[in-house]
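User: I have a model open and want a quick tour. Can you walk me through it?

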Amino acid sequence: MKALPGSHASRTHARGPLALTLASLACAACATVVLAQAPASQAAPDPLALSRLWDAEHVDLPAAPLVTHRDVEARLNAVRDASPGLFSLAEIGRSVENRAIYDLSFGRGRFTVLLWSQMHGDEPSATSALFDLFEYVRRHRAEPAVARMLDALTIHAVPMLNPDGAERFQRRNAQGIDINRDALHLQTPEGRALKALRDRLRADVGFNLHNQSWRTSVSRPPRPASITLLSVAFDEARTMNEGRLLTKRLCAVIRDALEPLAPGRLGRYDDEYEVRAFGDNVTLWGTPVVLIETGPWSLAEPDRPPVRLNFVALVTALDALATGRVAGADPARYESLPMNESQLYTVLIRGATIWAGTGVAPFTADVAVGTARTVRTANGRREIALTGRIEDLGDLRVYAALEEIDAAGLTLAPNFLPSARQGDTITLPDRATARPQATIAVGQPAQLLLLRPTGAPGSFVVERAIAVGER
Ligand SMILES: [Zn+2]
């Protein structure tokens with residue numbers, strides 16, 4: 001077991017397979033020494049500066065859901081070829097459909113970090129962020145922060161562990177198995193490749209990189225859970241040990257880095273033990289794991305800002321490990337994060353008079369729209385398709401949404417007039433006899449008209465045509 005870089009802990013501190021690496025952290029005196037030894041230049045990187053650096057230098061890739069295995073292969077080869085002395089590229093296995101799974105490694109330190117992304121094929125944000133990390137290391141390797149990282153750490157990254165799922169933009173692999181429930185059965189070649197790499201490296205810490213549902217929220221009133229962190233448990237009792245202390249401290253470091261960039265949008269995942277999951281078992285096998293779940297950001301820009309957050313999180317966490325600064329992080333900064341909930345929709349229309357199109361008399365309600373994204377190929381090009389559906393209606397005051405519309409004094413109707421434009425004056429048909437194709441009901445498409453009464457019976461001005469997703 002290796003000491004955390006920058007610490008003076010010795011192997012004699014280690015106690016058994018789970019008492020790894022952070023012997024010094026168990027001892028307050030040691031941690032004090034580590035901090036005292038850290039020169040001023042080892043202050044935490046400025047997250048706003050890292051964010052601006054990402055804006056200026058991030059790799060020009062398609063939107064994260066559109067990145068294919070072919071893009072990953074091309075990018076990995078380009079990274080390796082641009083700096084062959086810096087990066088090593090190795091194939092660690094093949095997917096069910098024979099797509100290569102790669103490990104890109106760099107650094108020469110004694111402390112080993114293992115990161116993997118897109119174990120679920122439709123959870124792509126961190127794959128793009130890993131490429132931005134590689135580019136950052138390549139461009140800035142002569143600068144002290146990166147030179148220190150390369151001296152102190154050996155970093156192994158597996159971008160897109162589930163390439164067959166990514167090709168279909170689906171969670172599961174080509175066998176239809178959720179790889180993240182296959183850590184014990186090991187029936188998936190992708191899972192076997194990850195386990196074999198973990199066992200060979202016996203990495204000192206791991207990062208398991210996912211995306212979570214756009215329904216995920218934090219706090220009351222709810223806000224989007226743009227990044228959720230988890231110090232992964234390795235048993236039902238959620239026992240604390242040095243490994244979990246390290247991952248809690250890393251989560252604290254990440255929280256502090258991301259808070260200025262995503263205030264109120266950071267959360268904590270339930271640390272209930274999942275006996276079949278990779279994060280839990282990798283932790284049990286001796287590599288404590290930090291789970292980073294990327295969540296909703298905004299409807300207008302759902303993909304790029306979350307990649308930027310992942311980049312800042314990863315650079316800051318690796319820097320904290322390389323400098324030993326992580327030893328001074330307070331686990332309470334992680335433990336005090338609000339827990340994930342599911343109180344978020346994509347669009348919420350509040351307080352409208354509902355003309356439902358079902359024959360019922362108008363009533364007052366909030367209407368919530370949820371969305372699902374798929375990737376399809378049209379004319380030889382991959383593109384993201386968004387579907388919007390009404391998911392709830394009634395008193396929805398306990399929920400929030402990425403976009404909220406105040407509809408007090410307005411009437412909401414299904415869009416029975418696709419040609420209607422803002423400012424048009426229209427007449428609503430007789431509700432008792434009208435049976436429009438779409439209605440306002442759970443499961444119906446999110447194609448709606450927001451109408452302002454003119455005062456004349458049945459007459460309205462179109463305030464807004466609301467269209468979430470395709471017709
Ligand atoms: Zn996932």
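What follows is a short chat about the sheet, some helices, the domains and two residues.

User: What kind of model is this, and what are the ground rules?
Analyst: This is a predicted model: local features need pLDDT of at least 70, side-chain atom pairs count only at pLDDT 80 or more, and totals for chains, interfaces and linings use all residues. Residues are numbered from 1 along each chain as its sequence is written.

User: Start with the sheet. What is the strand order?
Analyst: The order is β1-β2-β4-β3-β5-β10-β8-β9, in an open sheet of eight strands with mixed pairing. Strands (E, at least two residues) and helices (H or I, at least four) are DSSP runs, numbered from the N terminus. Two strands pair if DSSP finds at least two bridges between them.

User: Which strands stand at the edges?
Analyst: β1 (87–94) and β9 (266–268) do. Each has a single partner strand, so one side of each is left without a neighbour in the sheet.

User: How are neighbouring strands turned against each other?
Analyst: By 20° on average, direction ignored. Angles in general run from 0 to 180 degrees between N-to-C directions, and axes are lines fitted to C-alpha atoms, for helices over the stretch in contact.

User: What does β9 pair with?
Analyst: With β8 (residues 227–231), in the parallel sense over three bridges. Thr228 stands opposite Gly267 there.

User: Does any helix sit on the sheet, and which strands does it touch? I mean α9.
Analyst: Helix α9 (residues 278–285) packs on the sheet and touches β5 (205–211) and β10 (289–294). Its direction makes about 160° with that of β10. Contact means C-beta atoms, placed from the backbone, within 7 Å.

User: Now β3. Buried or exposed?
Analyst: Buried: seven of the seven residues of β3 (residues 111–117) are, so the strand is largely enclosed by the rest of the structure. A residue is buried if 20 or more other C-beta atoms lie within 10 Å of its own, exposed if 12 or fewer, and partly exposed in between, with C-beta atoms placed from the backbone.

User: Which residues are on each face of β3?
Analyst: One side has Phe111, Val113, Leu115 and Ser117. The other has Thr112, Leu114 and Trp116. Both faces are covered.

User: How many bridges join β3 to β4?
Analyst: Six, and β3 runs parallel to β4 (residues 153–158). Leu115 has Ala157 as its bridge partner in β4, and Phe111 stands opposite Leu153. β3 also pairs with β5, in the parallel sense over five bridges. There, Leu115 stands opposite Phe207.

User: And how covered is β4?
Analyst: Mostly: five of its six residues are buried. β4 is also joined to β2 (residues 100–106) by three bridges, and that pair runs antiparallel. Ser105 stands opposite His156 in β4.

User: Switching to helices. At what angle do α3 and α4 pack?
Analyst: About 10°, with axes 11 Å apart, for α3 (residues 69–82) and α4 (residues 125–139). The two are therefore roughly parallel to each other. The cut-offs are under 35 degrees for roughly parallel, over 145 for roughly antiparallel, 65 to 115 for roughly perpendicular, and oblique for the rest.

User: Which residues make that contact?
Analyst: α3 gives Val72, Arg75, Val79 and Ala82, and α4 gives Thr127, Phe131, Phe134 and Arg138. By class, the contact of α3 with α4 has five nonpolar, one polar and two charged residues. Ala, Val, Leu, Ile, Met, Phe, Trp, Tyr, Cys and Pro count as nonpolar, Asp, Glu, Lys and Arg as charged, and the others, Gly among them, as polar.

User: What are the domains?
Analyst: The domain assignment gives domain 1 (11–335) and domain 2 (344–467). Such bounds come from an automatic or database assignment. The C-alpha centres of the two domains lie 40 Å apart.

User: How many residues are in contact across them?
Analyst: 16 residues of domain 1 with 13 residues of domain 2. The domain 1 side has 10 nonpolar, four polar and two charged residues.

User: Last topic. Where is Asn162?
Analyst: In the loop between β4 and α6 (163–168). Asn162 counts as buried, with 34 C-beta neighbours inside 10 Å. Its C-alpha is separated by 6.5 Å from that of Glu190, 28 residues apart along the chain.

User: And Pro305?
Analyst: Pro305 is found in helix α10 (residues 304–323). Pro305 is partly exposed, with 18 other C-beta atoms within 10 Å.

Technical notes:
Two residues are in contact if their C-beta atoms, placed from the backbone, lie within 7 Å.
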